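Colleague: Thanks for sitting down with me. Could you walk me through this chain, please?

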Amino acid sequence: MENIVVANVISYLRKTNVISKQQHGFLSGRSTTSNLLETVHDCTLTINNRKAVGVAYIDFKRAFDYVSHVKLLTKLQAYGISGALLCWIKNFLHCRTQQTRVGNVLSNITNLISGVVQGSVLGPLLFVIFINDIAQLFTVSTCTCKHYADDLKLYTVLHINTDCCILQSKLNEVSEWSKNGN
């Protein structure tokens, strides 16, 4: 069932151009290799033009665990996913529990109020949808972002000293976005 849901949601999101072109994670035809090739291409052109490149790498710590179900469902609705499918996804996330085993010892069962189901087929796509809007921070900027799941790479051409300020400003915006869980 998850495979059917994922295939149809991805098809819909691609048709409606919802998923950012900067996202390379968990999507067919996109990978760490495509992410790297695009970045190397951009940086090579810049260096060939005798310019410097400022780069920042961000890895969101335990990002899959901190996805707010309420915010994720709101984003799904904003992207046009509604009705029975939205209800099915809500039920998929609802009443999840986890338990840890170390050797022969089991922890208490804990109810999950956030996070996407890791090891599932649908979980990675839900995470990509959750983080998708971060690319909007870069639509009118000289700073470029590329992401692969929870890893984000920001880079910009450094023409003058103030270009470092642009990169820092974008880092601040990403920090604010992550605090608010947009």
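Colleague: How far apart are the mean positions of the positive and negative charges of the protein chain?

Modeller: Happy to help, and please keep in mind that this is a predicted model. Lys and Arg count as positive, Asp and Glu as negative. The protein chain has 17 positive and 11 negative charges, and the distance between their mean positions is 4 Å.

Colleague: Nice. What pattern do the helices and strands follow along the sequence?

Modeller: The protein chain holds six helices and seven strands. In sequence order, they give the pattern α-α-β-α-α-β-β-β-β-α-β-β-α.

Colleague: Let's turn to α3. Why do its buried residues lie on the same side?

Modeller: Helix α3 runs over residues 69-78, and its buried residues are H69, L72, L73, K75 and L76. They lie on the same side of α3 because the arc they cover around the axis is only 160°.

Colleague: And which residues are exposed on the other side of α3?

Modeller: Here, exposed means over 50% relative accessible area. On the side of α3 opposite the buried residues, the exposed ones are V70 and A78.

Colleague: Which helices do the buried residues of α3 pack against?

Modeller: Contact here means heavy atoms within 4.5 Å. The partners of the buried α3 residues are α4 (83-93), α5 (122-131) and α6 (162-180).

Colleague: One last thing: what share of the residues in the protein chain is buried?

Modeller: A residue counts as buried under 20% relative accessible area. Of the 182 residues in the protein chain, the buried share is 39%.

How values were computed. Residues are numbered from 1 along each chain as its sequence is written. This is a predicted model: local features need pLDDT of at least 70, side-chain atom pairs count only at pLDDT 80 or more; totals for chains, interfaces and linings use all residues. Side-chain values use heavy atoms; hydrogens and water are left out. Buried means under 20% relative accessible area, exposed over 50%, partly exposed in between (1.4 Å probe, protein chains only). Helices (H or I, at least four residues) and strands (E, at least two) are DSSP runs, numbered from the N terminus. The arc is that of the directions from the helix axis to the C-beta atoms. The place of a charge is taken as NZ of Lys, CZ of Arg, CG of Asp or CD of Glu.
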